[in-house]
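Please look through the sequence and the structure below before reading on. The report that follows takes up a few residues and strands in turn, and then turns to the chain as a whole.

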Amino acid sequence: MLKVLTIIFLFISTVSADVPSNYSDLPAVNGKVVKVSNINSLYKAISGLKSNTSIIISKGIYKLNKPLNIPKGLANIAIRGATGKFEDVVIEGAGMNNKAVWHGIMINNAQKILIADLTISKVGFHPITASSGSESIHVYHCRLLDAGEQFIKVNSGKGEGSDNGKVEY
């Protein structure tokens, strides 16, 4: 009887474990900071992106007409919602059955990428895609919805894959 109670207790304590309510263990924003508050400023920030840059996205819904493409060869990039709540910053494609916006965020052979505190939804293929050679991608406190295919896709190309990736909360 004691074994059964112990197993039940362990199961209940595992199932009812709380997700942390404070997501402050992300690194502090450093390097160049670009704050955006509309879709045009978001596209401009992405197209002009340089290594060691954080894009902080204000509360709102950002309707994409093309994917957000992180350029090849960059490192230490953060794309973060400003409020720390994924429900406050929504990046939205044209719908699961509309391939006009096939990816939400496309990471093109870039390293040390943080995507945090966002909702990415309504895309034809994948809310987040990483090409071969992309490394150390950290998806933190994001909600991914309504994807035509996989929610996160990593292309292996030449068997390289992607190392040191992490998805949390």
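## Ser54 and its surroundings

In this predicted model, S54 has contacts with V29, N30, K32, V33, V34 and A78, once its neighbours within four places in sequence are left aside. The residue belongs to strand β2, which covers residues 53–57. With a relative accessibility of 4%, S54 falls under the 20% limit and therefore counts as buried.

## Strands β2, β5 and β8

Strand β2 runs parallel to β5, and five bridges join the two; within this part of the model, I56 stands opposite R80 of β5. Strand β5, made up of residues 75–81, is mostly covered, since five of its seven residues are buried.

On to the next pairing: β5 is also joined by five bridges to strand β8, residues 111–116, and these two strands again run parallel. R80, the residue of β5 that stands opposite I56, also stands opposite A116 in β8.

## The four-stranded sheet

An open sheet of four strands is arranged in the order β3-β6-β9-β12, and its pairing is parallel. Its edges are formed by β3 (60–63) and β12 (143–147), each of which pairs on one side only. On average, and with direction ignored, neighbouring strands of this sheet are turned by 15° against each other. As a general point, strands of a sheet pair through backbone hydrogen bonds, in either a parallel or an antiparallel manner.

Strand β9, which spans residues 119–123, is connected to β12 by four bridges, and the two strands run parallel. In β9, V123 is placed opposite A147 of β12.

## A salt-bridge network across the sheet

How many salt bridges does the model contain? The count comes to two, and K63, E92 and K122 are linked by them in a network. In the pair formed by E92 and K63, the closest N and O atoms are 2.5 Å apart. Because E92 lies in strand β6 (residues 89–92) and K63 in strand β3, this pair ties together parts that are 29 residues apart in sequence.

The side chains of K122 and E92 also meet in a salt bridge, with a distance of 3.7 Å from N to O. This pair likewise links distant parts of the chain, as K122 is in strand β9 and E92 in strand β6, 30 residues apart. The three residues of the network have the following accessibilities: E92 has a relative accessible area of 10% and is therefore buried, K122 is partly exposed at 33%, and K63 counts as exposed at 54%.

## Gln150 in the loop after β12

Beyond the edge strand β12, the chain enters a loop that leads to β13 (152–154), and Q150 is found in this loop. Is Q150 buried, partly exposed or exposed? With a relative accessible area of 36%, the residue is partly exposed, because this value lies between the limits of 20% and 50%.

Not counting residues up to four places away in sequence, Q150 touches F125, H126 and P127. The C-alpha atoms of Q150 and G124 are separated by 9.9 Å, although the two residues are 26 residues apart along the chain.

## The chain as a whole

The secondary structure of the protein consists of two helices and 14 strands. Of its 169 residues, 40% count as buried, and the accessible surface comes to about 9300 Å², of which 56% belongs to carbon and sulfur atoms. Among the contacts with a separation of 6 or more, 69% are between residues 24 or more positions apart.

## Confidence in the model

The average pLDDT of the protein is 86, and 85% of the residues score at least 70. Residues 1–19, however, have a pLDDT below 50, and beyond near neighbours in sequence this stretch has one contact in the model. Where pLDDT is low, the predicted coordinates should not be read in detail.

Definitions and conventions
Residues numbered from 1 in each chain as written. Predicted model: local features only at pLDDT ≥ 70, side-chain atom pairs only at ≥ 80, totals over all residues. Heavy atoms only, no water. Buried < 20%, exposed > 50% of the residue type's maximum accessible area, 1.4 Å probe, protein only. Contact = heavy atoms within 4.5 Å. Pairing = 2+ DSSP bridges. Axes fitted to C-alpha atoms, helices over the stretch in contact; angles between N-to-C directions. pLDDT = per-residue confidence, 0-100. Areas by Shrake-Rupley, 256 points an atom, 1.4 Å probe, with all protein chains shown as cover. Salt bridge = Lys/Arg side-chain N within 4 Å of Asp/Glu carboxyl O.
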